[in-house]
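Let's take a walk through a protein structure together, starting with one small spot and then stepping back for the wider view.

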Amino acid sequence: MADVIEVGAARDDAPPSAAKAPRRGATAGRTGRATPYLFLAPYLILFGVFGLLPIILGVWLSVHQWDFQLPNRPFVGLDNYKQLFSSDSAVFGDWWQSVRATAIFTLLSVPLLVVVPLGLALLLNRSFPGRTFFRAVYFAPYVLGVAVIGLLWRFLLDANLGLVNRLLGVVGLPSDTPWVTNMPWAWISLVGVTVWWTSGFNAVIYLAGLQDISPELYEAARMDGASAWQRFRNVTLPGLRPVLLFVITTTVLASANMFGQSFLITQGTPGTETRTVVWFIVEEGLRNNNAGRAAAMSLVFALMLVVVSIANFRLFRYKED
Amino acid sequence: MTTPTPTTRHSALTGRVVLYATLVALALIFLVPLAWMVITSLKTYTAAQQIPPSWLPNPVAGYGYEQILNNSANPVLRWFLNSMVAATLHSLLVLVTASMAAYALARLRFRGRGVTFALIVGTLFIPPTSLIIPNFLIVDQLSWIDTLAVVVVPGAASAFGVFFLRQFFLSLPNELEEAATLDGANQWQIFFRVVLPLSKPALATLAVLSFLTNWNDFLWPIFVLFSPEKLTLPPGLGLLQGSYVTDYPVIMAGAVLASVPVLILFVLAQRHIIQGVSRSGLKG
């Protein structure tokens, strides 16, 4: 994601900083050398304790057998990691099941969360009366928390009392789909709810990106007789490249961290098929008192996400060349 | 520009109709579930069980709200207040710490500036959920479990806030600062009297986004709060679902209560929120 930041920073700094950079901060000397550090101190204390320390502590925990109920927390080296990868350990099955659940959810939700919001953004990018209103309406669900979304959809998807099955019945479709308890419905529900909940967020990001594409490019394409599809393919998509990269990366991360939806809507069912990695990690660490192993899982999980993000960047660069 | 012929005018009209039909259909998909939450919260228990369900609560019942407001086992009002206090203090803490740090990183020159900034931005790429176990141990050591501090402070180490405000401060013209320096102002005076007043839109955006995040946080509070009177709304709602299993008017009343403040905030600060989101998207 460094790429996105550079793009942003460059865009922000480029014209003014060329002239101003040498002068910036030139006045700092008047207030004493400690001043910048005093400005930073409150944040850095917070950041040190709750941002950096957890990273170090996480690594340290992962090589210890850290049980909240044990007096000793012996050093176990890479044992916690080995257990995650050896099929005869007690945790192996549940761990990979949760990885599988997370992967399924991510693979199903990301394409929709990339494409549907793009459609919404293209729709909302045209100028028409009421545009701000519709933009707000589509964004509104996103401001509600996962707790509200979870309870609401648990109710809407209820097989007997839920509105979804009622409405399907009215239009003559099956009205007894077990949305939250059976496969593949449970995944369809979780993905559908997430798309409903967060599409507005990605759409707004796309909209900002669309507004940065020069209208002259569209004008030129039109002069060349490009069709709407060709304009989209050759002007819009390339123009959105940095935004697309941002949307894909953040959406993959958000989907991989999914927890609340399955905790509240499907409650992990059927079986533990919809229990995600984040859920399993906190359960292992905080309910089963196995903080060391949970920390090892967190690191493996974080590493997987880093690999996915890097792959993302590679793919995008490649496509461009 | 060519003059519109009757056919193009006609197709423009058709285009408009199709556009609005699509917009309205989509709006219904986004709004009906929310409306259903409010409608159900105003039904009686029996009315909510009725098949087929009625679109309007008839009679309009305060039953759902009475249940949650008068039940001492589930002190929903208390949770509401806890959430309000926590989210307010949290966003204040983010504003104060992030604005000061961002000012130093954007406008002051000092040793270690580059490294500090890189370190802060670097943590933006670490999924916060992967730090939840060590963070739990830290707040446990601080004896913060089941207190207000545990939902106010840890999340306030906002790398996003620092990054966001730094970008904004960088965009302010240097001349203002120079004029203030000539008038004999020191860095603190410049920060409080020049930079902060000019940054109201950015500060408001960050305040609103921090408030929303904290108000909606679910994963962290369900593990660090457990006394019924200490809970915030999101874990409280989970508890409500447990105790009223299928009594949907009660559960939906709780959901409405948790939604109203953020929806009001959204309507009031809509432009700021949407701008803040798109800014965060384009600028990291």
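Which residues does S199(B) touch, not counting residues up to four places away in sequence? Keep in mind as you look that this is a predicted model, not an experimental one. The residues you're after are F168(B), F169(B) and L172(B).

So where are we in the chain? S199(B) sits in the loop between helix 10 (187-198) and helix 11 (200-216) of chain B. Is S199(B) buried or exposed? Its relative accessible area is 0%, and because buried means under 20%, S199(B) counts as buried. The serine's side chain has a polar partner too: one of its polar atoms lies 2.6 Å from the backbone oxygen of V195(B). Put together, S199(B) touches two phenylalanines and a leucine from elsewhere in chain B, while its side chain pairs up with the backbone oxygen of V195(B).

Now let's hop over to chain A. How many helices and strands does chain A have? The count is 14 helices and 0 strands, so if you read along the sequence, you get α again and again with nothing else in the pattern. Chain A has 321 residues, and 53% of them are buried. Look next at contacts between residues at least 6 apart in sequence: 66% of those in chain A join residues at least 24 apart. As for the surface, chain A has an accessible area of about 14,600 Å², and carbon and sulfur atoms account for 63% of it.

Helix 9 of chain A, residues 215-223, is worth a visit at both ends. At its start, a side-chain oxygen of S214(A) comes within 3.1 Å of the backbone nitrogen of E216(A). Just after the helix, G225(A) takes a positive phi of about 80°.

Finally, let's see how the two chains meet. On the chain B side, 104 residues are in contact with 103 residues of chain A. The size of an interface is often given as the accessible area lost when the parts come together. Here, the area buried between chain B and chain A is about 9,400 Å², with 77% of it coming from carbon and sulfur atoms. The side of chain B that touches chain A has 74 nonpolar, 23 polar and 7 charged residues. What about salt bridges across the interface: how many does the rule find? The number is 0. There are polar contacts, though: 11 residue pairs between chain B and chain A, with both residues at pLDDT 80 or more.

How values were computed. Residues are numbered from 1 along each chain as its sequence is written. Chains are lettered from A and ligands numbered from 1 in the order in which they are written. This is a predicted model: local features need pLDDT of at least 70, side-chain atom pairs count only at pLDDT 80 or more; totals for chains, interfaces and linings use all residues. Side-chain values use heavy atoms; hydrogens and water are left out. Contact means heavy atoms within 4.5 Å. Buried area is the accessible area (1.4 Å probe) that two parts lose on being put together, summed over both. A salt bridge is a side-chain nitrogen of Lys or Arg within 4 Å of a carboxyl oxygen of Asp or Glu. A polar contact is a pair of N or O atoms within 3.5 Å; within protein, one must be able to donate a hydrogen and the other to accept it, and residues adjacent in sequence count only if both atoms are side-chain atoms. Ala, Val, Leu, Ile, Met, Phe, Trp, Tyr, Cys and Pro count as nonpolar, Asp, Glu, Lys and Arg as charged, and the others, Gly among them, as polar. Helices (H or I, at least four residues) and strands (E, at least two) are DSSP runs, numbered from the N terminus. Buried means under 20% relative accessible area, exposed over 50%, partly exposed in between (1.4 Å probe, protein chains only). Accessible areas come from the Shrake-Rupley method with a 1.4 Å probe; for residues, only the protein chains shown count as cover.
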